[in-house]
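The following exercises concern strand pairing, burial and helix packing. Each task is followed by a solution in steps.

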Amino acid sequence: MKLTGAQIIMECLKEQDVDTVFGFPGGTVIALYNALYDYPEINHILTCHEQHAAHAADGYARATGKPGVVFATSGPGATNLVTGIATAYMDSIPMVAITGNVEKKNLGKDSFQEIDITGVTIPITKHNVIVKEISELADAIREAFYIAQSGRPGPVLVDVPKDITMMEGDYEPGKPKEVAHQNAFGEDDIAKAVRAINESKKPFIFAGGGVIAAGAEKELHELAKKLNAPVTMTLMGLGAFPADDGQYTGMIGMHGTKTSALCASHCDLLIAIGARFSERVTSDRTKFARQAKVLHIDVDPAEINKNINADYEVTGNAKDVLAALLPGVEEKQDDTWMEQVRHWKRSYPLDRATRNARFPKKVLQAMQDEAPEGTVFTTEVGQHQMWSAQFLRIDRPRQFISSGGLGTMGFGMGAAIGAAVGTGRQVVNIAGDGSFHMNLQEIVTAVKHQLPVMVLVLNNNVLGMVRQWQKLFYEERYSQTTLNNPTDYVKLAEAFGAYGVDISKERDLHAAFKKAFAHKGPVIVKCDIHEDENVLPMVPGGKPLDDIILDLEK
């Protein structure tokens, strides 16, 4: 059949079972938005800014497991997506960005709102393409969805000149290509890994976001129980293993637990599953788990031996690899190793420090106590992000959504919108006042769609994480980290059509959150915390995990 390029794009989205698109219209995508008018089955969420449309598509993908889709016009519209695309790329999130561009005859002539967005995004996309022939358009869209989801997921960008969206071309309906896991392991790889596991006396399981991407949480749990082994997770892996399980040792890394650091330093086999050994986890890589053999399981062969040398490697989808390993893994009855781990957990609890975020902990736990079953948590980036990772009880995958690799301040509000749209569940975006002022306009988007989104602002009037570093390592020279924004959060909420709550006393926490969650629609809850609350434990940058700081003197 004959369709315009814009209609072909919309038909391809239907083929891929896309139900939601986030975006912002503009000159080069007018035809695309005109076509969208005739596809009421595809919900469009109009954000206030393209960056947050990208974050919303990202949050939708993290919460649902389906690829997020975002539209943007050429020039500044496309470049406004860049931070959102990079955020998704660093955390391996499936996203398809469709951008408009100037007509083909005007490409390369510095035309109004022209930008080479494919050139700009080469380093931060899994694949990108500019479509210059309408005959290639449908296949480009279909390939984008396949690439975004196959192997190690990631963002893909398709750039379409305006005249391609307006001209007519032939369209043949198609079906989505089955997503491949791209496994590259053989029987010998599995046999070596099984032998290493069975010979170990003190195995330590280190799980990352790849476990969630593969849907391998059941297999991870079975492996942990068979081995009677401690389990840690990266920030991206939170939810892959229940936080309330006795074998969980807490997050690992710069702001991870002392117990997880000790496990890494005393295990004889580190079993890394879907994790990339980021420096925020390992710190000094030359001294990370140096006494242990390393078994690295990852779908991306480029990650194996990139940061930490592996003694055993299995390249493949985590679910498939664990399914192949488990039959050969012997059950470990000896409880000596786990008893040592339990001793460390008792000796080094997270709230051991004299002043270790005790009030933020109470705020977060009171909020979660009052939150509806199934609530999804998103975060901005900073101290509040680490407190959330430490103190929230995350017991299922896709319940905790945070920018890990890029550390994007401003991510959480867009992600909360995407998660709420994708799941229909209550979402709480946990923010600091610094991050919230980067995206507070998106409260309007949440209000327009009456989304069940609460923003919890932990207000300390400073850029807390940077200030903490200034306190510890820069002689308390607090250059440009004191904010003292004169924002009245309750009035701001009312101005945007939301509901505002100001918590000033600890005794009011539970009652205030109960009242806030009873409200239908977006809510802003502001709670003041002291500027000198610190995120501990903490490993100074570049130091080994053994140098973890547990306490700070007042």
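**Exercise 1.** Identify the bridge partner of Phe-71 in S5, and place the two strands in their sheet.

*Solution.* In this predicted model, Phe-71 has Ile-98 of S5 as its bridge partner. The next step is the strand pair: S4 (residues 68-72) and S5 (residues 95-101) run parallel and are joined by 5 bridges. Both strands belong to an open sheet of 6 strands with parallel pairing, in the order S3-S2-S4-S5-S7-S6. At its edges stand S3 (43-46) and S6 (127-130), each of which pairs on one side only. From one strand to the next, the twist averages 20 degrees.

**Exercise 2.** Determine which strands are touched by helix H3 and which strands helix H7 lies across.

*Solution.* Begin with H3 (residues 50-64), which packs on the sheet and touches S2 (20-23), S4 and S5. The direction of H3 makes about 165 degrees with that of S4. Turn next to H7 (residues 137-149): this helix lies across S4, S5, S6 and S7 (155-161). Relative to S7, H7 runs at about 165 degrees.

**Exercise 3.** Establish whether the faces of strand S18 are covered or open, and find its pairing partners.

*Solution.* Take buried to mean under 20% relative accessible area. By this criterion, 7 of the 7 residues of S18 (residues 453-459) are buried. On one side these are Val-453, Val-455, Val-457 and Asn-459, and on the other Met-454, Leu-456 and Leu-458, and thus both faces are covered. For the pairing, S17 (residues 427-432) runs parallel to S18 and is joined to it by 6 bridges; within this pair, Val-428 stands opposite Met-454. S20 (residues 523-528) also pairs with S18 in the parallel sense, over 6 bridges, and its Val-525 is the bridge partner of Leu-456.

**Exercise 4.** Explain why the buried residues of helix H14 line one face, then describe the N-terminal cap and the crossing with H11.

*Solution.* The buried residues of H14 (residues 318-325) include Ala-318, Val-321, Leu-322 and Leu-325. Because the buried residues fall within an arc of 95 degrees when viewed down the axis of H14, they line one face of the helix. Among the elements they pack against are H9 (187-199), H11 (217-227) and S13 (293-298). At the N-terminal end, Asn-317 caps H14, with a side-chain oxygen 3.0 Å from the backbone nitrogen of Lys-319. Finally, the axes of H11 and H14 come within 9 Å and cross at roughly 35 degrees, in a left-handed crossing. Glu-219, Leu-220 and Leu-223 of H11 make this contact with Lys-319, Leu-322 and Ala-323 of H14.

Technical notes:
Residues numbered from 1 in each chain as written. Predicted model: local features only at pLDDT ≥ 70, side-chain atom pairs only at ≥ 80, totals over all residues. Heavy atoms only, no water. Buried < 20%, exposed > 50% of the residue type's maximum accessible area, 1.4 Å probe, protein only. Helix = DSSP H or I, 4+ residues; strand = E, 2+ residues; numbered from the N terminus. Pairing = 2+ DSSP bridges. Arc of directions from axis to C-beta. Contact = heavy atoms within 4.5 Å. Polar contact = N/O pair within 3.5 Å; in protein donor to acceptor, adjacent residues only side chain to side chain. Axes fitted to C-alpha atoms, helices over the stretch in contact; angles between N-to-C directions. Left-handed = near helix turned anticlockwise from the far one by under 90°.
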